[in-house]
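Q: Please take a close look at one lysine in this chain, describing where it sits, how it is surrounded and what charged partners it has or lacks, and then set it beside other parts of the fold.

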Amino acid sequence: MDFEHSAHSRGERLSREMLKIAAWPRDPLQDADALLARLLAQVAGLLEAPRVLLAWEETDEPWLHLAHRRDGRIERFREAPSGEPGEPVEESLRRRFTVAEAAAWPVRGEIVQGSLFVFNDCGDRGPAFEPDHLVLGEIAAQRVAAELDQFYLTRRLRTAAVTEERVRLACDLHDGMLQSLTGTALQLQALARLMEDDLPAARTQLREVQRLIAADQRDLRFFIEELKPMPRALGDPQDFRDRLADLADRLKRLWDLNVSFDFDLADLDARPSDAFLRQLYRLLREALFNVARHAEASAVRVEVSRQDQALNVTVTDDGRGFPFIGRYDHEELNRRKLGPVSLKERISALGGSLAIDSNPGLTRLEMRLPARGGTR
């Protein structure tokens with residue numbers, strides 16, 4: 001009984017610590033020094049380590065970066081790499097940082113590759129690293145890799161003067177993957193305990209993990225497609241129609257969502273500008289993306305019409321609806337903090353308004369925009 005109680009307590013502690021990792025604050029706008037100071041302090045606190053070393057390389061950059069935390073202070077170095085990223089602690093590092101005992105985990109991202117080291121300065125006099133530390137260190141290293149990836153990606157996008165839209169998409173992607181990564185780790189931890197005690201429940205848990213991974217794959221494919229440059233400008237209405245057809249095809253393949261469009265560009269504007277079509281496409285893409293991810297719908301219909309100097313865009317789906325029931329206008333949605341935040345912000349930036357009529361099986365988003373929109 002004592003052993004079972006001890007194992008249960010360890011499991012609870014491990015789950016609490018993993019939730020703490022998920023709750024680590026994130027600021028993609030931090031500079032490199034502030035980001036590294038925060039990450040290494042969080043790792044040191046999590047693993048009760050007196051010293052932490054992060055060694056990494058950025059893809060396509062011939063430099064090895066080192067960040068060493070000791071006594072609350074960070075030392076940073078940049079030098080020519082002497083070996084392959086992810087290798088065990090080399091003798092040169094042992095001598096350089098006076099390592100008595102160390103644990104290491106790979107830091108593998110899309111942009112960065114390296115290792116996270118935790119040193120135990122007590123040697124034989126102090127406790128060795130416990131199994132819980134090894135599990136937590138692996139998850140922490142994944143989080144470090146994701147945050148460094150996000151930092152370098154944001155910096156690259158800004159340096160290349162890529163549009164604000166792509167920066168937002170990149171941040172959304174990393175946020176979603178970070179949350180999902182932590183959630184999957186928690187599910188697998190619970191699954192390991194259930195495998196010994198409750199096999200039917202373990203099978204259910206395994207199906208849930210599979211569902212999470214499948215959802216991540218769909219999201220990742222979608223975001224990757226949206227981050228690619230458009231093949232040509234949208235100034236030609238036929239290009240716009242082709243772009244919408246491609247979007248509908250991806251939604252069908254990835255989420256089995258049937259999308260239909262009911263409007264004619266000639267009825268909206270005799271000579272639609274490229275800026276006008278881009279605004280309309282981004283708006284429709286975000287609205288349809290929200291339906292695909294959250295509504296559990298099988299079909300969605302898009303209608304666009306012009307009335308005086310305004311453009312009316314209606315998106316109707318047969319999904320489960322929002323957590324609220326009934327019709328709410330733009331002012332009420334903002335006052336009660338209801339509805340899709342990003343979509344409301346986009347509509348507001350265009351000088352428009354949003355109304356939502358939400359019911360299980362029939363939900364309608366009604367967007368009203370100035371006919372020419374803004375210049376975003």
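A: In this predicted model, Lys 344 lies in helix α11, which spans residues 341-349. Lys 344 is buried and yet forms no salt bridge, the nearest side chain of opposite charge being that of Glu 345, 8.3 Å away. Because a salt bridge requires a side-chain nitrogen of Lys or Arg within 4 Å of a carboxyl oxygen of Asp or Glu, the 8.3 Å that separates Lys 344 from Glu 345 does not qualify. When the neighbours within four places in sequence are left aside, Lys 344 is in contact with His 330, Leu 333, Asn 334, Lys 337, Leu 338, Gly 339 and Leu 354.

A second buried position, in another helix, can be set beside this one. Leu 284 is found in helix α9, residues 274-295, and it counts as buried because its relative accessibility is 0%. Its contacts, again without the neighbours within four places in sequence, are Leu 244, Phe 263, Val 302 and Val 313. Of these residues, Val 313 can be followed further: Leu 284 and Val 313 are 29 residues apart in sequence, while their C-alpha atoms are 8.5 Å apart in space.

The strands give another view of the fold. An open sheet of five strands is arranged in the order β3-β2-β1-β5-β4, and its pairing is antiparallel. At its edges are β3 (73-79) and β4 (101-108), each of which pairs on one side only. On average, and with direction ignored, neighbouring strands of this sheet are turned by 15° against each other. Within the sheet, β1 (residues 51-58) and β2 (residues 64-70) run antiparallel and are joined by seven bridges, and Trp 56 stands opposite His 65 in β2. In general, the strands of a sheet pair through backbone hydrogen bonds, in either a parallel or an antiparallel manner.

The chain as a whole provides the setting for these details. Its secondary structure comes to 11 helices and 11 strands, and buried residues account for 44% of its 376 residues; Lys 344 is buried, as is Leu 284. Among the contacts between residues at least 6 apart in sequence, 64% join residues that are at least 24 apart. The chain exposes about 20100 Å², of which carbon and sulfur atoms supply 51%.

Terms used: Residues numbered from 1 in each chain as written. Predicted model: local features only at pLDDT ≥ 70, side-chain atom pairs only at ≥ 80, totals over all residues. Heavy atoms only, no water. Helix = DSSP H or I, 4+ residues; strand = E, 2+ residues; numbered from the N terminus. Buried < 20%, exposed > 50% of the residue type's maximum accessible area, 1.4 Å probe, protein only. Lys, Arg positive; Asp, Glu negative; His and termini not counted. Contact = heavy atoms within 4.5 Å. Areas by Shrake-Rupley, 256 points an atom, 1.4 Å probe, with all protein chains shown as cover. Pairing = 2+ DSSP bridges. Axes fitted to C-alpha atoms, helices over the stretch in contact; angles between N-to-C directions.
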